[in-house]
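User: Please take a close look at the aromatic rings in this model. I would like to know how they pair and how buried they are.

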Amino acid sequence: MKAREVNFDGLVGLTHHYAGLSFGNEASTKHQYRVSNPRLAAKQGLLKMKALADAGFPQGVIAPQERPNVPVLRQLGFTGNDAQVVERAAKQAPQLLSAASSASAMWVANAATVSPSADSLDGKVHLTVANLNNKFHRASEAPTTESLLHAIFRNERYFSVHGALPQVAMFGDEGAANHNRLGGAYGSPSVQLFVYGREEAKAGLIPARYPARQTLEASQAVARLNQVNPERVVYAQQNPAVIDQGVFHNDVIAVSNRQVLFCHEQAFLHQHELYTALREKVSGFMALEVPVNRVSVTDAVSTYLFNSQLLSRDDGSMMLILPEEARQHAGVWRYLNELLEADNPISELKVFDLRESMANGGGPACLRLRVVLTEAEQQAVNPAVMMNDTLFVTLNSWVDRWYRDRLTQADLADPLLLREGREALDELTRILNLGSVYPFQC
């Protein structure tokens, strides 16, 4: 059946700030305490969405979450009215207020893992919300993520949205950032590659410096929930050595599209065995492996070379969507231009300035959730979230009206920030026809 890949990008939230909350994410740590520009961050993301929509790639928008997260702060013992809760958290535990104010939900590659209808035993599109339990600032996202996905994929004839796995270490799940789909046409049954960092049930090779966030047990549970045909699933362990170099998710070291896996030479443990398994299951499988002597893991992480989007044109060629940092690195850019001349489907490089997101540890691929949809399924998606000329203008005006152009950790205590955020999100729910998806609206 004919189908297309639709990208749903996270819109950066009003409290986007640099707090260095994500241990294992070196960009996040490096930019801790710097001054952020939430308005610019949101506009950079919107420009990418609109450019890809204009190029013929269907593009949707996922709204930000309410921050500061007052219910979480209440769980931690801060009392009073909402403004007092924020004020007391700022005085007594500013690091907790920072975590409860994180705009990290913008990286919707971590929102859920998606199984297209062509791969699902019941013929529906399945989305399982990620629990993100390795990091406190992200672990509270799941309930609102589930509400937002229900508001976008609300037609139960076509879509099934599953809640997050139990919030325990055994089921650490980071969503689509550790998931790849490999095959031919988007609408044909394909192979799903789940990448994990550790297996909770038995000892094995694990990173020594940084945590392995995704477990094999979580990947297996998500595959069951998404009703993926077990014969078309491959599980692979991420190389612990690259996790220790800042590769906190698989999408920092590999990206796939249709029959192509574009990855670093050191991305996976037992990499060549993985290639063999994929060749057996995926017709025309092609591994575009970047040698370590051309691009080091350190350079891959600093430029987010692999945190790119690999998009298919109608003629079968592919476009690689990259951050500006990849172009600014002479060695990486030289390699990419050689890649264009080689015998492979990649025929164009397109660069976007996403420095506000990049400085907090997320690039082009972190900002999007890929959902393969048939024509009927795409028609069943909430149309108000789909990017077009009108929505682009409306959302830019909304950002100009509500977002600040400067934010530090100290600013999170400002009671006006809480009020501004709620008023902005209340308006956004009407723009995107989301209904009551936030705690303050209940």
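Analyst:
**Aromatic pairs and their surroundings**

Phe159 is buried in this predicted model, with a relative accessible area of 3%. Tyr158 is buried too, because its relative accessible area of 18% falls under the 20% cut-off. These two residues form an aromatic pair. Their ring centres lie 6.3 Å apart, and the planes meet at 55°. That angle is neither under 30 degrees nor over 60, so the pair counts as tilted.

The pair does not stand by itself. Ring pairs join Tyr158 and Phe159 with Phe8 and Phe153 in a cluster. The structure holds 8 aromatic pairs.

Now take another pair. Tyr438 and Phe440 have ring centres 5.9 Å apart. Their planes stand at 10°, so this pair is stacked. What is the burial of each partner, Tyr438 and Phe440? Tyr438 is buried, at a relative accessible area of 1%. Phe440 is partly exposed, at 25%. The 25% value lies between the 20% and 50% limits, which means partly exposed rather than buried.

Two general descriptors serve for such pairs. They are the distance of the centres and the angle of the planes.

Rings also meet charges here. Lys50 lies over the face of Phe392, 5.6 Å from the ring centre. Arg258 places its charged end over the ring of Tyr186, at 5.4 Å from the centre of that ring.

Conventions. Residues numbered from 1 in each chain as written. Predicted model: local features only at pLDDT ≥ 70, side-chain atom pairs only at ≥ 80, totals over all residues. Heavy atoms only, no water. Phe/Tyr/Trp six-rings, centres within 6.5 Å; stacked < 30°, edge-to-face > 60°. Buried < 20%, exposed > 50% of the residue type's maximum accessible area, 1.4 Å probe, protein only. Lys NZ or Arg CZ within 6 Å of the ring centre and 35° of its normal.
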